[in-house]
Every structure is written in structure tokens, then in C-alpha cells.
Amino acid sequence: MERSDTRRRQPFLRMSILVLLFGLLTVLLTWKPPTVARTETRVLSGSMAPFLRGPHLQFICESCSFSYDTDPVLVSSQTYSRCPNCGNINETDGIAHEGDLVRLFESDNVEPNRWDVIAFRRNSDRVQEGESDVAVKRVIGLPGESVAFEDGELYLNDKLHQKDLFEFFTLSTLVHDSYFKSSTFDPADAQDYVEAPAGQFNKQGSDWAYEDDQWTCTSTSDDFDTWLQYHQQYVVNGLVFPAEISVGSYVLDFNSYNQHADRFPMYHVYDLLAHVIIETDGLQRLGLRVSDVVLDLQISDGQGVIKQYGGEQISTVSVGSIDSETVHLRLGRIDEKAWLQIDDRDPVSFDLPLIKALGERNQHWVNLVPLSVAAVGGKVSLQRFLLYRDVYWIDAENGNQRCVYQNALSDGEWFVVGDNLVQSIDSRHWRAPVIRNQLLSLVQRADLQ
């Protein structure tokens, strides 16, 4: 009896196994990952430069070898461009390169995160004849948030959005790299490096010298007697002037991609971060000032004191031992915070009030410079520094004045802008978000894959 039942069940078991195998095969043949590459395309405008370039002219500076790009339309009436790193005049042959290659990543339910770059279809009434109806922008506002700009800062739900270091480097612009020196570099040239009074921190005289292709200080003093100051060049509509100490040497929201653009005004950017690489030999203390953030680093006992220029001490932080002769320091201000990172250790931050407009300051702010370095005891060599500026958010109609986009974003709505804020046409102009049925894809640069 049992053997007979087994025979009757065998066809059913075989059929069940075949059905399961067929179902599994169907799933394997039809399944696709939630996000897959759909197509590649070229960027057609400079609204996302420098992260994504449209058609552009490529330059390698004939003087300092710094590489940069410019919009060919803006340079078409000129035969040259200025190197944003050293100010050298570089001739152009006028031959434009294609826009960057990007990959679009489609999904049935794309949910962009903040800072994602997306492709979407523009409303038909926003498309001029001959233009593409597809735009590429960066997401800054998410569903449930209200968006506002003031004095270059981004506010979400009426609260200043404070970026962390990763977000900062996602959006920041490299302002200067000391590795790329002009062929006519003169350490006494006030255009590049200046030893000059630095407000309350400086005394007369200097222990700094330029030797072996780097700045070196051998100090026997027990105080920060002299500061080496870097002065940013003043760039206006493709022209580069040395910034005079009497008017400060502030970093402007200048983008070399926009050279010769007829733009006024440009705005002072106070949120800066410097990556400084130094060599130490018996050094006891290092002073580093970026914008108005001051670090007094006690190398011998691993303590660091953070303060605001002309203000009170903000915090004392233990940075641990500094054993290596070569030290990487990242110091700066980002959205009401001072940030400090030593080598590859975890970065730390401290609250720091926003800098207001120049007219609201005391006189001692006038000599504020982007970078100053001082040393006490022993020897320090400044091998290299890179200076970055934060993104400066401006409203399309009101510039740096406060502008609030009244309606909070609903579900399936995103506020988008272009990285190149002075060229981009986006949610700031439309006074409207991108909605879900416009959304096409996430976007990634092909060379970053």
C-alpha cells in the first residue's frame, strides 16, 4: 500500500519541481537590479561646472602648469584667459572640447538624496528653441523642507544647514595650490606671499625665508612674533589684480569657468578651509590662521587651542602626539563651525559665529587674510597648502539678500540648483521644485565610475 501511494505522488512531485524551476528561471531572466546604467550623454552647458563641464576650453597655464577650464562662449570675444592660480595670461586657440560624458542611472522609484545630481525633463514653457528639454542639477532641498538663502548660506526649515567635511569637499572650489608656482615667482612679490602686519598677532621683523622651494621658519622666540601671510589675488571679470592689504585679500565667489562674464557684484566668501602640509624639526608651537579661525597647536604636549581672530578662546582640544616629521593639517570655518583635522585622524568641530558683512566689523578685521602661519621654537617648513572656498548660495533675483521660497516641499518634490550658481537656471528662477513625473535618472560622471 505504501509503495503504491509513493508511485502516485511521484508525478505530482516532478511537476512541482518543474514549476519551481520554471518560476526561478523566469525571475532570473526578467530581474534587473533596482538601478542600472541606461545611457551615456554629453553635458551641454556650464551650469554644473566645475563638477560637470559643458563645451569648454582647456588650459594648462604656461607659467605655473595649473590646469583649468573656461566657457568658450564667454571667452569668444577675447583671445586670452587668466590663470586663476597665478594670474598669468594664457592664449587660446578657440577650439572647444566636448562637454563631459555622464551616465544616467534609471530606476522605477528613484529617491534622490541631498547633493545627488539628477536628470529631469524641464517644463515645456522653460525650453527655448534648439535647447534640450533635459536638465542636470544638484538636489539641495528634500520633501518636507523649506529653502532659503542669505549672505551665501543655505537655510533649510529656517535653520542654517551645517555641512560636514565630506559635504564641504563635495561642493567646494579649489582657490589656490602652492605646488603650482609661477615661473616668475619671487618670494618678495606682494602678489603671492606677503610678510606684513597681521593685526594684533604680529610684531615687526621676520624669521621666514624662502629656501629649497618652500617657506621655512627657524624661530627661537617663545611667542608668535612673525606670521607668513598668503594674499589671494583679486579677480574681476577675467582680470587678476594683486589684493592690497589695505582693503584685505578676501576670496571671492569667482569661478574660472566664467571668465570674462559681465557680472557684478561678486561676493566675499569667508567660509574657507586650508590643507597645509608642514615638516617639523623640534618645533614647539605652530600658529595657523584661516580666515578668522586661529589654531595654536602645542606640538610638544599634543594640545590645540582654537580661537576666533580678535575674539575669545573657543575651545581646547587634545590632538594627541605628533610623531611624524610631516604633518597634514586641515583647518577652516564651515557654516558656523571651525573644523580641524590632523593627518588622517577623525576631524573635530567647534561652534563659531557667522561672519557678517564687512561694514559691520571693527577695524581690525580689515587685515584679515585667507592664510597665516607662525612658529615658535625649532623649525617648520611649509611644503604645500591648498585653499578651498565654500559654495556661496545666491538668489537669482536678490543676490545675497535673504530670500525664502515660501512653500515647503511636498512628497515627490525636490529643490535643485546648478553648482555654477551664476550661470545656472534652476529652482531659484522658477520658484518651483522638480516633481516626480519630471525625474528621469540619477547622474554620475563617466570618468568617476
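Begin by selecting Ser-65, which sits in the loop between β2 and β3 of what is, it should be said at once, a predicted model. Colour Ser-65 by its backbone angles if your viewer allows it, and you will find a phi near 70°, which is a positive value in a residue other than glycine. Most residues other than glycine have a negative phi. With a relative accessibility of 44%, Ser-65 counts as partly exposed.

Is the next residue to select, His-260, buried or exposed? His-260 is counted as buried, because its relative accessibility is 16% and the cut-off for buried is under 20%. Its place in the chain is the loop between β19 and β20, the latter covering residues 268-269. Like the serine at the start of the tour, His-260 has a positive phi near 70° although it is a residue other than glycine. If you now show side chains, you can follow that of His-260 to the backbone oxygen of Tyr-80, which it reaches at 3.2 Å.

Move next to Pro-50, in the loop between β1 (36-42) and β2 (57-60). Select Ala-49 together with Pro-50 and look at the peptide bond that leads from the one to the other, for this bond is cis, with omega near 5°. Most peptide bonds, by contrast, are trans.

Pro-50 is also a good place from which to enter the largest pocket, since this proline is listed, with Ser-172, Thr-173, Leu-174 and Asn-255, as closest to the centre of the pocket among the 44 residues that line it. The space in the largest pocket comes to about 950 Å³. Which elements each supply at least two residues of its lining? They are β3 (67-70), α3 (165-171), β12 (173-177), β17 (233-236), β19 (251-252) and β30 (379-389), and it is worth selecting them in turn. If you colour the lining of the largest pocket by class, you will see 25 nonpolar, 11 polar and eight charged residues.

From this group, stay with strand β30, where Ser-381 is found. Ser-381 counts as buried, at 6% relative accessibility. Show its side chain together with that of Thr-216, and you will see the two joined by a polar contact of 3.3 Å.

Now select strand β29, residues 371-376, in which six of the six residues are buried, so that the strand is largely enclosed by the rest of the structure. To check this for yourself, look at one side, where Leu-371, Val-373 and Ala-375 are buried, and then turn to the other, where Ser-372, Ala-374 and Val-376 are buried as well. Two strands that pair with β29 can be added to the view. Strand β16, residues 228-230, pairs with β29 in the antiparallel sense over three bridges, and here Leu-228 has Val-373 as its bridge partner. Strand β22, residues 285-290, also runs antiparallel to β29 and is joined to it by six bridges, with Ser-372 as the bridge partner of Arg-289.

A further stop is an open sheet of four strands, which follow the order β11-β10-β9-β31 with antiparallel pairing. Why is one side of β11 (159-160) and of β31 (403-405) left without a neighbour in the sheet? These two strands stand at the edges, each with a single partner strand, and so one side of each has no neighbour there. Select β9, residues 147-150, beside β31, and you can trace the three bridges that join these antiparallel strands, among them the one in which Ala-148 has Val-404 as its partner.

Finish the tour with two cysteines, in a model where the count of disulfides comes to zero. Cys-61 is in no disulfide, although the sulfur of Cys-86, which is the nearest cysteine sulfur to it, is 3.6 Å away. Seen from the other end, Cys-86 is likewise in no disulfide, and its nearest cysteine sulfur is that of Cys-61, at 3.6 Å. The reasoning rests on a cut-off, because a disulfide is a pair of cysteine sulfur atoms within 2.5 Å. Cys-61 counts as buried, with 3% relative accessibility, and Cys-86 is buried too, with a relative accessible area of 12%.

Technical notes:
Residues are numbered from 1 along each chain as its sequence is written. This is a predicted model: local features need pLDDT of at least 70, side-chain atom pairs count only at pLDDT 80 or more; totals for chains, interfaces and linings use all residues. Side-chain values use heavy atoms; hydrogens and water are left out. On a 1 Å grid over the protein atoms alone, a cavity is a set of points where a 1.4 Å probe fits but cannot get out, and a pocket is an open set with protein on both sides within 12 Å along at least five of seven lines; lining residues have an atom within 4 Å of a point. Grid points are joined across faces, edges and corners, and a volume is the space filled by probe spheres set on the points. Ala, Val, Leu, Ile, Met, Phe, Trp, Tyr, Cys and Pro count as nonpolar, Asp, Glu, Lys and Arg as charged, and the others, Gly among them, as polar. Buried means under 20% relative accessible area, exposed over 50%, partly exposed in between (1.4 Å probe, protein chains only). Two strands pair if DSSP finds at least two bridges between them. A polar contact is a pair of N or O atoms within 3.5 Å; within protein, one must be able to donate a hydrogen and the other to accept it, and residues adjacent in sequence count only if both atoms are side-chain atoms.
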